[in-house]
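Open the model in your viewer and keep the sequence panel beside it. We will go from stop to stop, selecting a few residues each time.

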Amino acid sequence: MKTHYICQTYIAQKPTHDGQASLKIGKQFQYTTAAEAQNRAEREAQSKDCAGADAYMVSEDPNSGEVGTPTFLVRLGSVPEFDDF
């Protein structure tokens, strides 16, 4: 199994006709340690253009390419519900 540590940012999209604002993925960074991903998420979340940021880890089976469920290290600001991830 190979573990990937990822920082993913979100940006707010303009509200739709029903008045609901939504989030879309902004940037995605991959790191070799959990601390690096978490530190980047904390820095990115402070940016005025960033609605929110996640730092998470996922395990991948290199033989099958199958990726497991993400384990969140930190979730900052406005982030999607886990079911939407």
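Start by selecting K2: is it buried or exposed? K2 falls in between and is partly exposed, because its relative accessible area is 46%; buried means under 20%, exposed over 50% and partly exposed the range between, using a 1.4 Å probe and protein chains only. This is a predicted model, where local features need pLDDT of at least 70 and side-chain atom pairs pLDDT 80 or more, while totals for chains, interfaces and linings use all residues. Residues are numbered from 1 along each chain as its sequence is written, and side-chain values use heavy atoms, without hydrogens and water.

K2 belongs to strand β1, residues 2–13. Helices (H or I, at least four residues) and strands (E, at least two) are DSSP runs numbered from the N terminus. Now add V58, which is 56 residues from K2 in sequence but 8.3 Å away in space, C-alpha to C-alpha. Beyond residues up to four places away in sequence, K2 touches V58, S59, E60 and P62; a contact means heavy atoms within 4.5 Å.

Zoom out next. The protein chain has one helix and four strands, in the order β-β-α-β-β along the sequence. Its C-alpha trace spans about 45 × 25 × 15 Å along the principal axes, and 26% of its 85 residues are buried.

Select the helix, α1 (34–45). Its twelve residues reach 17 Å from first C-alpha to last, close to the 16 Å expected at 1.5 Å a residue; the expected span is 1.5 Å times one less than the number of residues. Which residues of α1 are buried? They are A37, A41 and E44. These residues lie on the same side of α1, because they cover an arc of only 70° around the axis, taken from the directions from the helix axis to the C-beta atoms. Among the elements covering them are β1, β2, β3 and β4.

Colour the largest nonpolar core: Y5, C7, F29, Y31, A37, A41, C50, A53, A55 and V74. Such a core is a set of buried Ala, Val, Leu, Ile, Met, Phe, Trp, Tyr and Cys residues joined through side-chain atoms within 4.5 Å. At least two of its residues come from each of β1, β2, α1 and β3.

Finish with two rings. The charged end of R40 sits over the ring of F29, 3.7 Å from its centre, and that of R75 over the ring of F72, at 4.0 Å. The rule asks for NZ of Lys or CZ of Arg within 6 Å of the ring centre and within 35 degrees of the ring normal.
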